[in-house]
Amino acid sequence: MTTRQFEPGIVPGRLPAEDYCHAFADTAPPLTDHAARVAADRCYFCYDAPCTTACPSDIDVPLFIRQIATGQPEAAAVTILSQNIFGGMCARVCPTETLCEGACVREVAEGKPVEIGLLQRHATDKLQAAGVHPFTRAERTEFSVAVVGAGPAGLSCAHRLAMKGHEVTVYDARLKPGGLNEYGIAAYKAPGGFAHKEVAWLLQIGGITVLENWQLGRNGTLEDLLEEHDAVFLGMGLSGVNALSIPGAEYATPATDYIAALRQAEDLSTLPVGRRVVVIGGGMTAVDAAVQAKLLGAETSSIVYRRSQPEMPASLHEQDHAQTHGVQIVPNATPVAICKEEGGLVVEFARTATRDGKMTVLEDTIRIEADQVFTAIGQTLGATPEGLTITGGKIAIDAQGRTGLAKVWAGGDCATGGEDLTVTASAEGRDAAEDIHAFLMGA
């Protein structure tokens, strides 16, 4: 029994050792075979399926659900993975409530959609647990491609190129491949080392070499890659974070850094957490940081967002998840200063209001005591090679993923393709690979 749960400051081991496994257990346990068949039977198998239209990776949702309903989950997995090689992770982290399930006709009619996410997980887990990789490489070509970044976009691109017979080298700045899936999502969304296992499964296709701890600009240049390879795909994500520009900002820690440390911790009881935690921001990262702080034993964990709660970037599902785990959401408050005082920190916020569509800072202020302050106010593109066009803080690409530089494509969070979601990144990597293949083959 621990005596540290209510200890002031930032300390590890706030919970009994056995409580960590329970706290970080799978939030959405998998369906049994029987439950999957029952869930699949609720699908209308729409001909012009709005769920498929709503999926950024264009998965044929009615087809894979019918395959589950007829006792063919492995075939369903192939249907899914043919469009989205990260179908297993996306089944866990996709905001299905605003994508496929949000568009489901049963959601519109009954307020209870077909459980598409859980069904997708059921199928992909079956296939991966069996150790089966259903894709094979085409006859090897003479071409090689460099992929910068081993996240969803980069690995999706690499997998599709390997299927086409090309040799692919993936260059990644981290010590482990996986990108956001490995370092950036809440541990309870994909427990048991799932992200690592999924990457290992993906690499079974062959023809992909991963070079870790290799950063563009530090270990080599874009010109170096173009000299060695026939094409380059940039999928390095967003490596920077927006910084607070207020007095005392040095007392805050980027939430992304803390989430990454948590994801890589072998023993969660060794990870220090504050008794009182404040997270500044309103997106998915803010929710992940605040909820996990509570799961690690923080007495209070608060998300403070500068606009109203309905305007928060985090989905309603994520907001509800945070609040049911004891996280307090404080809307309409923007940080003014972080002060170090005896016994910890105090974060001062100014109240805000939306007037004529614009946020207005009011004179009223509030003060929230904290031991630990995290910032989750957006991520930024890191250093990029010269010659790339940057639009809105991201690499500009066309519909095929081509940049303004010859033989250079980009996709995922670092590019201007779409929403910063795993499913979108995977789709962009896949589509860029198809265009790279066409280019290499002279099509």
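The dialogue below asks how the descriptions of this predicted model are justified.

User: What makes the contact between Arg92 and Asp125 a salt bridge?

Analyst: A salt bridge requires a side-chain nitrogen of Lys or Arg within 4 Å of a carboxyl oxygen of Asp or Glu, and the side chains of Arg92 and Asp125 meet at 3.0 Å, N to O, so the pair is counted as one. Because Arg92 belongs to helix 6 (residues 87–93) and Asp125 to helix 9 (residues 116–129), the pair ties together parts that are 33 residues apart in sequence. By this rule the count comes to 22 salt bridges, and those that share partners join Asp26, Arg92, Arg121 and Asp125 into one network.

User: Why is Arg92 called buried?

Analyst: The word applies under 20% relative accessible area, and Arg92 has a value of 17%, so it is placed in that class.

User: How do you know whether Glu182 and Lys176, which meet in a salt bridge, are buried or exposed?

Analyst: Their side chains meet at 3.1 Å, N to O, and the two partners fall into separate classes because the limits are under 20% for buried and over 50% for exposed, with partly exposed in between. Glu182, with a relative accessible area of 4%, is buried, whereas Lys176, with 28%, is partly exposed.

User: What makes Arg367 and Glu341 a pair that links distant parts of the chain?

Analyst: Their side chains meet in a salt bridge at 3.0 Å, N to O, while Arg367 is in strand 14 (residues 358–370) and Glu341 in strand 12 (residues 333–341), 26 residues apart. Glu341 counts as partly exposed, its relative accessibility being 37%.

User: Why is the ring pair of Tyr258 and Phe374 called tilted?

Analyst: Rings pair if their centres lie within 6.5 Å, and planes under 30 degrees apart count as stacked, over 60 as edge-to-face and the rest as tilted. The centres of the Tyr258 and Phe374 rings are 4.5 Å apart and their planes stand at 35 degrees, so the pair is tilted. Tyr258 and Phe374 are both buried, and they link distant parts of the chain, with Tyr258 in helix 14 (residues 255–264) and Phe374 in strand 15, 116 residues apart. The structure holds three aromatic pairs.

User: What makes the sheet that contains strand 15 an open one, and which strands stand at its edges?

Analyst: The five strands form an open sheet in the order 7-15-9-10-11, with parallel pairing. Strand 7 (252–254) and strand 11 (327–330) stand at the edges because each has a single partner strand, so one side of each is left without a neighbour in the sheet. Neighbouring strands of this sheet are turned by 25 degrees against each other on average, direction ignored.

User: How do you know that strand 9 and strand 15 are paired?

Analyst: Pairing needs at least two bridges, and five bridges join strand 9 (residues 276–281) to strand 15 (residues 372–376), so the condition is met. These two strands run parallel, and Val277 stands opposite Gln372 in strand 15. Helix 15 (residues 284–295) lies across strand 9, strand 10 (300–304), strand 11 and strand 15, and runs at about 170 degrees to strand 10.

User: Why is strand 2 described as largely enclosed by the rest of the structure?

Analyst: Five of the five residues of strand 2 (residues 144–148) are buried, so the description follows. Ser144, Ala146 and Val148 point one way and Val145 and Val147 the other, and all are buried. Strand 2 is joined by five bridges to strand 3 (residues 167–171), running parallel, and by four bridges to strand 5, also in the parallel sense. Val148 has Tyr171 as its bridge partner in strand 3, while Ala146 stands opposite Val232 in strand 5.

User: What makes both faces of strand 5 covered?

Analyst: In strand 5 (residues 231–234), Ala231 and Phe233 on one side and Val232 and Leu234 on the other are all buried. Strand 5 also pairs in the parallel sense with strand 19 (residues 408–410) over three bridges, where Phe233 stands opposite Trp409.

User: Which residues of the largest nonpolar core touch the most other members?

Analyst: Of its 58 residues, Phe64, Ile65, Leu119 and Ile436 do. Leaving aside its neighbours within four places in sequence, Ile65 is in contact with Ala40, Cys43, Phe45, Val114, Ile116 and Leu119. Another core, of 34 residues, lies apart from the largest one and includes Ala289, Ala293, Tyr305 and Ile329.

Terms used. Residues are numbered from 1 along each chain as its sequence is written. This is a predicted model: local features need pLDDT of at least 70, side-chain atom pairs count only at pLDDT 80 or more; totals for chains, interfaces and linings use all residues. Side-chain values use heavy atoms; hydrogens and water are left out. Axes are lines fitted to C-alpha atoms, for helices over the stretch in contact, and angles run from 0 to 180 degrees between N-to-C directions. Contact means heavy atoms within 4.5 Å. Buried means under 20% relative accessible area, exposed over 50%, partly exposed in between (1.4 Å probe, protein chains only). A nonpolar core is a set of buried Ala, Val, Leu, Ile, Met, Phe, Trp, Tyr and Cys residues joined through side-chain atoms within 4.5 Å. Rings of Phe, Tyr and Trp (its six-membered ring) pair if their centres lie within 6.5 Å; planes under 30 degrees apart count as stacked, over 60 as edge-to-face and the rest as tilted.
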